[in-house]
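Please open the model in a viewer and display the side chains as sticks. The tour below proceeds from one selection to the next.

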Amino acid sequence: QVQLVESGGGLVQAGGPLRLSCVASGRTLSSYAVAWFRRSDRAFVAGTSWDGGSVYYGDSVKGRFTISRDNANNTVYLQMNSLKPEDTAVYYCAADRAGISDHGRDFRSWGQGTQVTVSS
């Protein structure tokens with residue numbers, strides 16, 4: 001299994017941006033679909049196919065968040081703009097070879113999470 005480590009979380013004011021990173025080790029990330037989830041509402045946030053050719057978003061973040069990946073550096077990013085207090089959560093990245101999905105149960109590799117706090 002690939003190992004995942006998230007970073008980039010922190011405290012930000014409402015309306016501000018934040019970028020999360022998910023760095024993989026142990027295996028090359030280029031053969032994995034990757035998604036972001038958050039614990040607060042167990043919600044799917046964003047996902048990308050192995051090559052970045054397909055990206056998809058949860059309804060609550062569409063138009064504000066952007067997922068991207070740099071397979072050469074084994075990293076997936078989540079750019080979060082126009083943050084709201086309700087975006088406060090622990091954010092997790094997850095990866096699996098099986099392909100894109102918006103269900104956490106479809107992912108076998110998970111990071112430890114990074115806390116995002118949005119103040120009003």
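A search of the whole of this predicted model finds four salt bridges. Side chains of opposite charge can pair when their charged atoms come close.

Select D87 and R38 to begin. Their side chains form a salt bridge, with 3.1 Å from N to O. The two partners come from distant parts of the chain, 49 residues apart: D87 belongs to the loop between β8 (75–80) and β9 (89–96), while R38 is in strand β4 (residues 33–38). Are these partners buried or exposed? D87 counts as buried because its relative accessible area is 1%, below the 20% limit. R38 is buried as well, at 4% relative accessibility.

Keep both residues displayed and add R64 to the selection. Salt bridges with shared partners connect R38, R64 and D87 in one network.

Next, select K62 and D59. Here the side chains meet in a salt bridge, again described by an N to O distance of 3.1 Å. D59 is exposed, with 68% relative accessibility.

Finally, move to R108 and D96. The closest N and O atoms of this salt bridge lie 2.8 Å apart. This pair also links distant parts of the chain, with the two positions 12 residues apart in numbering. R108 is in the loop between β9 and β10 (109–110), and D96 is in strand β9. A surface display is useful at this stop: R108 is exposed, with a relative accessible area of 57%, whereas D96 is buried, at 2%.

Terms used
Residues are numbered from 1 along each chain as its sequence is written. This is a predicted model: local features need pLDDT of at least 70, side-chain atom pairs count only at pLDDT 80 or more; totals for chains, interfaces and linings use all residues. Side-chain values use heavy atoms; hydrogens and water are left out. Helices (H or I, at least four residues) and strands (E, at least two) are DSSP runs, numbered from the N terminus. Buried means under 20% relative accessible area, exposed over 50%, partly exposed in between (1.4 Å probe, protein chains only).
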